[in-house]
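Let's take a friendly walk through a protein model together. Please have the sequence and the 3D view open as you read.

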Amino acid sequence: MLTIDAFEDACAKVREVTQKTSLIESPHFSEATGNKVFFKPENLQRTGAYKVRGAYYKISTLTDEERARGLITASAGNHAQGVAYAASRCGAKAVIVMPTTTPLIKVERTKSYGAEVILYGDVYDEACERAYELADEFGYTFIHPFNDLDVATGQGTIAMEIVQELPFVDYILVPIGGGGLATGVSSLAKILNPHIKVIGVEPSGAACMKASLEAGHVVKLPHVSTIADGTAVQQPGDIIFPYLQENIDGIITVDDSELIAAFLDMVESHKMIVENSGLLTVAALKHLDVKGKKVVSILSGGNMDVITMSSVVQHGLIQRDRIFTVSVLLPDRPGELVRVAGLIADEGGNVVRLDHNQFVSTNRNAAVELRVTIEAFGTSHKLAIVKALEEAGFKPKLIQAHL
């Protein structure tokens, strides 16, 4: 049972391995939403995510014999690092099965804590099945990433810290993959103050909890597709599901494109790196149909590899019309390229890339193609640049931008 005594015990225990993640007020999102918005920055937590809480508390409840057999789990990354770190603190062997799609940074950091990593399957659920097989074969003690009440209790310590720091919080937004974090946070929040609303947030391409709550029982999605790899779960936990039915006040789903925009917002407004799953609660702020409330968004993790980060930044800039590409056809004579560049400069655009194709037509005197990738301030600025090119007699054609 998720009791106040268990949560208090967990709070004392997790302090041994966590660092303080004080709430950060967000003037940017407060102004944008009409609420008083705070972030719980678990992306700054030891191991880069909240998962160390549940992993450490769960391992602390095991017997010496259970720890001595070795620990095994499956994870897309953050729980893996939590278990690996907690196991190293307890002197136990840890085996982690991770999907083959797991970002390299999460694999390497898990190994850095001394764990053995096995890559298997395309999604978490396939990795989990393999972990159970290995547990049966070698006698390892399985540490489930979310479908475990002790793990959920450890994760719920976040709610205790939020309420201690912001006693009159109205809404807590919590990311949902399998539901362990949401179970702990919602259960403890309701114990501390039944008036607190806890809203779960899922990627629209992996909304297994929404489907399950609507059906009234655990539902397994046929497939999931989302850039939020940490919450790419096909089926929520059946053990924890009744607690979610009782304590979650609603579900918001977020598209991948919204996560891309949220990443740019967090980098530019708060100078923080938050992984895609952790951005769910940021993107959900605009979907929360309330005003004048105190809202806490839990930033669940910050373990994003550099390649993913660069891709998200590029797509975000294109999405917001801060990078765009136009194609114009020019007569093949001196001075035309300079004229185009001058028009763009006069409008305040910054040329970041030029491609000059003389072979677009067999008649080079009639036309060569110039593709210009331009940095702008946003949509209105982009349209002003395009209009200037049109008024100068060019016929600019917008094409897919790339850097």
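This report visits a sheet, some buried strands and two pockets. Keep in mind that the model is predicted.

**A sheet and one of its residues**

Start with the open sheet, in which 4 strands lie in the order β12-β13-β11-β14 and pair in the antiparallel way. At its edges are β12 (350-357) and β14 (397-399), each of which pairs on one side only. From one strand to the next, the twist averages 30°. Helix α16 (residues 336-346) packs on this sheet and touches β11 (323-330), β12 and β13. The direction of α16 makes about 25° with that of β13. If you wonder what holds such strands side by side, strands of a sheet pair through backbone hydrogen bonds, either parallel or antiparallel.

Now zoom in on L370, which sits in strand β13 (residues 368-375). Is L370 buried or exposed? Its relative accessible area is 0%, and because buried means under 20%, L370 counts as buried. Apart from neighbours within four places in sequence, its contacts are V326, S327, V328, L330, L337, V340, L354, D355 and H356. One of these contacts, S327, is 43 residues away from L370 along the chain, yet the C-alpha atoms of the two are separated by 5.7 Å. Another contact is H356, which stands opposite L370 in β13. The antiparallel strands β12 and β13 are joined by 7 bridges.

**Strands under cover**

Next, look at strand β4 (residues 94-98). How many of its 5 residues are buried? The count is 5 of the 5, so β4 is largely enclosed by the rest of the structure. Both of its faces are covered, with A94, I96 and M98 buried on one side and V95 and V97 buried on the other. Strand β3 (residues 71-74) runs parallel to β4, and 4 bridges join them. Within this pair, I72 stands opposite V95 in β4.

Strand β10 (residues 294-299) is mostly covered too, as 5 of its 6 residues are buried. It is joined by 6 bridges to strand β2 (residues 36-41), and the two run parallel. Here K40 stands opposite I298 in β10. Strand β7 (residues 171-175) also pairs with β10 in the parallel sense, over 3 bridges. In that pairing, Y171 has V295 in β10 as its bridge partner.

**Two pockets**

How can we find gaps in a protein? Rolling a probe the size of a water molecule over the atoms shows where empty space is left. The table sets out two pockets.

| Pocket | Volume | Lining by class |
|---|---|---|
| Largest pocket | about 280 Å³ | 3 nonpolar, 6 polar and 6 charged residues |
| Second largest pocket | about 200 Å³ | 5 nonpolar, 4 polar and 4 charged residues |

The largest pocket is lined by 15 residues, and R15, K20, K40, E161 and Q164 lie nearest its centre. You have already met K40, opposite I298 in β10. Which helix gives the most to this lining? It is α9, with 5 residues. Both α1 (4-14) and α9 (157-165) supply at least two residues each to the lining of the largest pocket.

The second largest pocket is lined by 13 residues, of which D125, C128, H144, Q235 and P236 are the closest to its centre.

Methods:
Residues numbered from 1 in each chain as written. Predicted model: local features only at pLDDT ≥ 70, side-chain atom pairs only at ≥ 80, totals over all residues. Heavy atoms only, no water. Buried < 20%, exposed > 50% of the residue type's maximum accessible area, 1.4 Å probe, protein only. Contact = heavy atoms within 4.5 Å. Pairing = 2+ DSSP bridges. Axes fitted to C-alpha atoms, helices over the stretch in contact; angles between N-to-C directions. 1 Å grid on protein atoms, 1.4 Å probe; cavity = no way out; pocket = protein on both sides within 12 Å on 5 of 7 lines; lining within 4 Å. Points joined across faces, edges and corners; volume = space filled by probe spheres on them. Nonpolar A, V, L, I, M, F, W, Y, C, P; charged D, E, K, R; others polar.
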